[in-house]
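Could you walk me through this structure in the viewer, one selection at a time? I am new to it and would like to know what to click on and what I will find there.

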Amino acid sequence: MTDRTYTVLLYSDDPKVRDRMRLAVGTRPAADLQVEFVEADDYDACVRLVDDYEIDLMLLDGEATPAGGLGLARQIKDDRPNASPPVCVVIARAADRWLAAYAQVEGTLMFPLDPIETGRTVAAMLRSYAAGGPVTAA
(Lines give C-alpha, C1' and ligand atoms only; values in the text may rest on other atoms or scores of the structure.)
Protein backbone atom coordinates (compact mmCIF):
# COMPACT_ATOMS: atom_id res chain seq x y z
CA MET A 1 0.00 0.00 0.00
CA THR A 2 2.93 2.38 0.45
CA ASP A 3 3.44 2.95 -3.28
CA ARG A 4 0.04 4.47 -3.86
CA THR A 5 -1.22 7.90 -2.93
CA TYR A 6 -4.94 7.91 -2.09
CA THR A 7 -7.15 10.82 -3.09
CA VAL A 8 -9.52 12.20 -0.46
CA LEU A 9 -12.24 14.63 -1.50
CA LEU A 10 -12.98 17.29 1.11
CA TYR A 11 -16.39 18.93 0.79
CA SER A 12 -17.61 21.96 2.71
CA ASP A 13 -18.86 25.40 1.78
CA ASP A 14 -16.60 26.78 4.54
CA PRO A 15 -12.86 26.88 3.73
CA LYS A 16 -12.03 26.83 7.46
CA VAL A 17 -13.89 23.54 7.86
CA ARG A 18 -12.01 22.06 4.89
CA ASP A 19 -8.74 23.20 6.51
CA ARG A 20 -9.72 21.50 9.79
CA MET A 21 -10.61 18.33 7.93
CA ARG A 22 -7.30 18.34 6.05
CA LEU A 23 -5.31 18.95 9.23
CA ALA A 24 -7.19 16.23 11.14
CA VAL A 25 -6.52 13.65 8.40
CA GLY A 26 -2.99 14.77 7.58
CA THR A 27 -1.03 13.59 4.57
CA ARG A 28 -0.23 10.35 6.42
CA PRO A 29 -3.23 9.17 8.44
CA ALA A 30 -1.21 6.01 9.15
CA ALA A 31 2.41 5.04 8.58
CA ASP A 32 1.50 2.93 5.55
CA LEU A 33 -0.91 5.41 3.91
CA GLN A 34 -0.29 8.63 2.04
CA VAL A 35 -3.11 10.88 0.89
CA GLU A 36 -3.61 13.90 -1.31
CA PHE A 37 -6.62 16.15 -1.18
CA VAL A 38 -9.00 17.65 -3.69
CA GLU A 39 -11.59 20.14 -2.51
CA ALA A 40 -15.11 21.16 -3.39
CA ASP A 41 -17.12 24.02 -1.97
CA ASP A 42 -20.46 23.29 -3.61
CA TYR A 43 -22.56 20.40 -4.87
CA ASP A 44 -21.68 20.81 -8.56
CA ALA A 45 -17.93 20.94 -7.89
CA CYS A 46 -18.16 17.83 -5.73
CA VAL A 47 -20.04 15.84 -8.37
CA ARG A 48 -17.63 17.05 -11.06
CA LEU A 49 -14.63 15.85 -9.02
CA VAL A 50 -16.23 12.45 -8.43
CA ASP A 51 -16.88 12.15 -12.16
CA ASP A 52 -13.46 13.38 -13.32
CA TYR A 53 -11.02 11.89 -10.79
CA GLU A 54 -10.37 8.61 -9.08
CA ILE A 55 -11.58 9.52 -5.60
CA ASP A 56 -10.74 6.94 -2.93
CA LEU A 57 -12.71 8.53 -0.09
CA MET A 58 -15.14 11.40 0.29
CA LEU A 59 -15.03 13.36 3.57
CA LEU A 60 -18.14 15.54 3.65
CA ASP A 61 -19.30 18.31 5.96
CA GLY A 62 -22.76 17.39 7.21
CA GLU A 63 -23.38 21.03 8.10
CA ALA A 64 -22.50 22.50 4.70
CA THR A 65 -25.05 24.78 3.04
CA PRO A 66 -27.03 24.87 0.92
CA ALA A 67 -26.25 21.22 0.10
CA GLY A 68 -25.33 19.31 3.24
CA GLY A 69 -22.95 16.40 3.17
CA LEU A 70 -25.66 13.89 4.10
CA GLY A 71 -27.90 14.87 1.20
CA LEU A 72 -24.97 14.98 -1.17
CA ALA A 73 -23.85 11.50 -0.04
CA ARG A 74 -27.31 10.06 -0.58
CA GLN A 75 -27.57 11.63 -4.03
CA ILE A 76 -24.19 10.28 -5.12
CA LYS A 77 -25.03 6.82 -3.74
CA ASP A 78 -28.35 6.86 -5.62
CA ASP A 79 -26.75 8.05 -8.88
CA ARG A 80 -23.77 5.65 -8.72
CA PRO A 81 -24.90 2.56 -6.79
CA ASN A 82 -21.78 0.50 -7.53
CA ALA A 83 -19.26 3.14 -8.50
CA SER A 84 -19.29 5.71 -5.73
CA PRO A 85 -16.30 6.00 -3.44
CA PRO A 86 -16.77 5.36 0.27
CA VAL A 87 -18.16 8.31 2.20
CA CYS A 88 -17.46 9.61 5.69
CA VAL A 89 -19.63 12.48 6.90
CA VAL A 90 -18.64 14.87 9.68
CA ILE A 91 -21.69 15.65 11.80
CA ALA A 92 -22.29 18.06 14.66
CA ARG A 93 -24.89 16.02 16.57
CA ALA A 94 -24.70 12.34 17.50
CA ALA A 95 -28.45 12.19 16.88
CA ASP A 96 -27.73 12.70 13.16
CA ARG A 97 -26.19 9.22 12.89
CA TRP A 98 -29.58 7.88 11.81
CA LEU A 99 -29.51 10.34 8.90
CA ALA A 100 -26.04 9.10 8.03
CA ALA A 101 -27.36 5.53 7.96
CA TYR A 102 -30.21 6.64 5.68
CA ALA A 103 -27.68 8.39 3.42
CA GLN A 104 -25.81 5.05 3.18
CA VAL A 105 -22.48 6.47 4.31
CA GLU A 106 -19.80 4.09 5.46
CA GLY A 107 -18.47 6.27 8.30
CA THR A 108 -19.22 9.23 10.52
CA LEU A 109 -17.04 11.55 12.56
CA MET A 110 -18.09 14.22 15.05
CA PHE A 111 -17.22 17.90 15.11
CA PRO A 112 -14.84 19.01 16.52
CA LEU A 113 -12.58 16.55 14.74
CA ASP A 114 -10.16 14.58 16.88
CA PRO A 115 -6.99 13.98 14.79
CA ILE A 116 -6.39 10.51 16.23
CA GLU A 117 -9.96 9.34 15.67
CA THR A 118 -10.08 10.99 12.24
CA GLY A 119 -6.81 9.41 11.11
CA ARG A 120 -7.85 6.00 12.42
CA THR A 121 -11.24 6.19 10.67
CA VAL A 122 -9.84 7.42 7.35
CA ALA A 123 -7.05 4.80 7.41
CA ALA A 124 -9.49 1.95 8.11
CA MET A 125 -11.82 3.10 5.33
CA LEU A 126 -8.99 3.48 2.79
CA ARG A 127 -7.54 0.06 3.65
CA SER A 128 -10.95 -1.61 3.28
CA TYR A 129 -11.57 0.15 -0.03
CA ALA A 130 -8.12 -0.79 -1.37
CA ALA A 131 -8.63 -4.42 -0.35
CA GLY A 132 -11.97 -4.55 -2.20
CA GLY A 133 -13.89 -5.50 0.91
CA PRO A 134 -16.81 -3.79 2.58
CA VAL A 135 -15.80 -0.35 3.75
CA THR A 136 -16.48 0.42 7.37
CA ALA A 137 -15.10 2.97 9.77
CA ALA A 138 -12.86 1.92 12.66
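Here is a tour in short stops, from the sheet outwards to single residues. Please keep in mind that this is a predicted model.

**Stop 1: the sheet**

Switch to a cartoon view and look for the strands. There are 5 of them, forming an open sheet with parallel pairing, in the order S2-S1-S3-S4-S5. At the edges you will find strand S2 (34-40) and strand S5 (107-110), each of which pairs on one side only. If you look along the sheet, you can see the twist: neighbouring strands are turned by 25 degrees against each other on average, direction ignored.

Now select residues 87-91, which make up strand S4. S4 and S5 pair in the parallel sense over 4 bridges. To see one position in this part of the sheet, pick Cys-88, which stands opposite Gly-107 in S5.

**Stop 2: a helix across the strands**

Next, select residues 115-131. This is helix H5, and it lies across S1 (5-11), S2, S3 (57-61), S4 and S5. Relative to S5, helix H5 runs at about 170 degrees.

**Stop 3: Asp-61**

Which position does UniProt list for "modified residue: 4-aspartylphosphate"? It is Asp-61, and the listing comes from an unreviewed entry. Select this residue and you will see that Asp-61 lies in strand S3. Is Asp-61 buried or exposed? Its relative accessible area is 3%, so Asp-61 counts as buried. Leaving aside residues up to four places away in sequence, Asp-61 touches several others, among them Tyr-11, Ser-12, Asp-13, Val-90 and Phe-111.

The same kind of UniProt record, also an unreviewed entry, gives residues 7-126 as "domain: Response regulatory". Colour that span: its end C-alpha atoms lie 10 Å apart, and it is 42% helix and 22% strand.

**Stop 4: two cis peptide bonds**

Zoom in on Thr-65 and Pro-66, which are joined by a cis peptide bond with omega of about 0 degrees. Pro-66 sits in the loop between S3 and helix H3 (69-79).

Then move to Phe-111 and Pro-112, where there is also a cis peptide bond, here with omega of about -10 degrees. Phe-111 is one of the residues that Asp-61 touches, and Pro-112 is found in the loop between S5 and H5.

**Stop 5: around helix H4**

Select Asp-96 in the loop between S4 and helix H4 (97-102). Asp-96 counts as buried because its relative accessibility is 10%. Not counting residues up to four places away in sequence, Asp-96 touches Glu-63 and Ile-91. For a distance to try in the viewer, add Asp-52: the C-alpha atoms of Asp-96 and Asp-52 are separated by 30 Å, with their positions 44 residues apart along the chain.

On the other side of H4, pick Gln-104, in the loop between H4 and S5. Phi of Gln-104 is near 65 degrees, a positive value in a residue other than glycine. With 39% relative accessibility, Gln-104 is partly exposed.

**Last stop: rings**

Finally, show the side chains of Arg-74 and Tyr-102. Arg-74 lies over the face of Tyr-102, at 4.3 Å from the ring centre. How many aromatic pairs does a search of the whole structure find? The search finds 0.

Notes:
Residues are numbered from 1 along each chain as its sequence is written. This is a predicted model: local features need pLDDT of at least 70, side-chain atom pairs count only at pLDDT 80 or more; totals for chains, interfaces and linings use all residues. Side-chain values use heavy atoms; hydrogens and water are left out. Rings of Phe, Tyr and Trp (its six-membered ring) pair if their centres lie within 6.5 Å; planes under 30 degrees apart count as stacked, over 60 as edge-to-face and the rest as tilted. A charge sits over a ring if NZ of Lys or CZ of Arg is within 6 Å of the ring centre and within 35 degrees of the ring normal. Two strands pair if DSSP finds at least two bridges between them. Helices (H or I, at least four residues) and strands (E, at least two) are DSSP runs, numbered from the N terminus. Axes are lines fitted to C-alpha atoms, for helices over the stretch in contact, and angles run from 0 to 180 degrees between N-to-C directions. Contact means heavy atoms within 4.5 Å. UniProt positions are given in the numbering used here, feature names are shortened, and annotations may be inferred rather than shown by experiment. Buried means under 20% relative accessible area, exposed over 50%, partly exposed in between (1.4 Å probe, protein chains only).
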